[in-house]
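Here is a friendly walk through one protein structure. Have a look at the picture first, and then we'll go through it piece by piece.

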Amino acid sequence: MNGGPGGEQDLRGVLDRWKAAVDAHAPERVAACFTEDAIFQGLHPYTVGRTGIADYYRAQPLGMTAHYRILETRRPADGLLLGWLAVDFAFTDRPTLSVQLGVLLRRTTDGWSIGHYQVSLLP
């Protein structure tokens, strides 16, 4: 990992909040981890902004949990942090879904938030 000083720690701080909200099926709390204008691409058509993100997570099944592992971090510029992750979404009624997740965090006056979120299914 090459995220510079605090890169993984800053990324983990946001992702731990995201994971806790996903695990609790708390869509508004999930959306609060993102910037107001975040670009979000899950496994369905993309959306922009917290309202669409909350709607996406509200539609996820109860009991879904997220387990992540940070693969890489980078600091492309001051106030930006790029993360590449392996994420397993576990369900109560179907097999676990393993994805790759790219996130771009932006530092705001409120701290770090996700500004871009892109899920990829890899064979």
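How many helices and how many strands does the protein have? There are three helices and six strands. Helices here are DSSP runs of H or I with at least four residues, strands are DSSP runs of E with at least two, and both are numbered from the N terminus. Following the sequence, you meet them in the pattern α-α-β-β-α-β-β-β-β.

Before going further, a word on what you're looking at. This is a predicted model, in which local features need pLDDT of at least 70 and side-chain atom pairs count only at pLDDT 80 or more, while totals for chains, interfaces and linings use all residues. Residues are numbered from 1 along each chain as its sequence is written, and side-chain values use heavy atoms, with hydrogens and water left out.

**The overall build**

The C-alpha trace spans about 40 × 30 × 25 Å along its principal axes. The radius of gyration is 14 Å, which agrees with the value near 14 Å for a compact globule of 123 residues. That radius is taken over C-alpha atoms, and the globule rule is 2.2 Å times the number of residues to the power 0.38.

Of the 123 residues, 43% are buried. Buried means under 20% relative accessible area, exposed means over 50%, and partly exposed is in between, with a 1.4 Å probe and protein chains only. The accessible surface comes to about 6,600 Å², and 54% of this belongs to carbon and sulfur atoms. Such areas come from the Shrake-Rupley method with a 1.4 Å probe; for residues, only the protein chains shown count as cover. As for contacts (heavy atoms within 4.5 Å), 49% of those with a separation of 6 or more are between residues 24 or more positions apart.

**The sheet**

In what order do the six strands sit in the open sheet? The order is S2-S1-S6-S5-S4-S3, and the pairing is mixed. S2 and S3 are the edge strands, each pairing on one side only. Two strands count as paired if DSSP finds at least two bridges between them. Strands of a sheet pair through backbone hydrogen bonds, either parallel or antiparallel.

Now take the pairs one at a time. S4 (residues 80–90) and S5 (residues 97–108) run antiparallel and are joined by 10 bridges. One bridge partnership is Ala 86 with Gln 100 in S5, and a hairpin of six residues takes the chain from S4 to S5. S5 and S6 are also antiparallel, with nine bridges. Here Arg 107 has Trp 112 in S6 as its bridge partner, and two residues lie between the strands in the hairpin. S1 and S2 pair in the antiparallel sense too, over two bridges, with Phe 40 opposite Thr 47 in S2.

**A helix tucked in**

Helix H3 covers residues 50–58, and Gly 52, Ile 53, Ala 54, Tyr 56 and Tyr 57 in this helix are buried. What covers them? The cover includes helix H1 (7–23), helix H2 (27–31), and strands S1 (34–41), S2 (47–48) and S6 (111–120).

**Greasy spots and charged pairs**

On the surface, Ile 39, Tyr 46 and Val 48 make a nonpolar patch of about 320 Å². Patches are built from residues with over 30% relative accessible area and no salt bridge; like charges are joined within 9 Å, and nonpolar side chains (Val, Leu, Ile, Met, Phe, Trp, Tyr) within 5 Å. Ile 39 belongs to strand S1 and is partly exposed at 41% relative accessible area.

The whole structure holds nine salt bridges, each a side-chain nitrogen of Lys or Arg within 4 Å of a carboxyl oxygen of Asp or Glu. Here are some of them:

| Pair | Closest N and O atoms |
|---|---|
| Arg 75 and Asp 10 | 2.8 Å |
| Arg 50 and Glu 36 | 2.7 Å |
| Arg 74 and Glu 72 | 2.8 Å |

Arg 75 is in the loop between strand S3 (65–74) and S4, while Asp 10 is in helix H1, so this pair links distant parts of the chain, 65 residues apart. Arg 75 is partly exposed at 29% relative accessible area, and Asp 10 is partly exposed at 23%. Arg 50 lies in helix H3 and Glu 36 in strand S1, so their salt bridge ties together parts 14 residues apart in sequence. Arg 50 is partly exposed at 27%, whereas Glu 36 is exposed at 59%. Finally, Glu 28, Asp 55 and Arg 58 are linked in a network of salt bridges.
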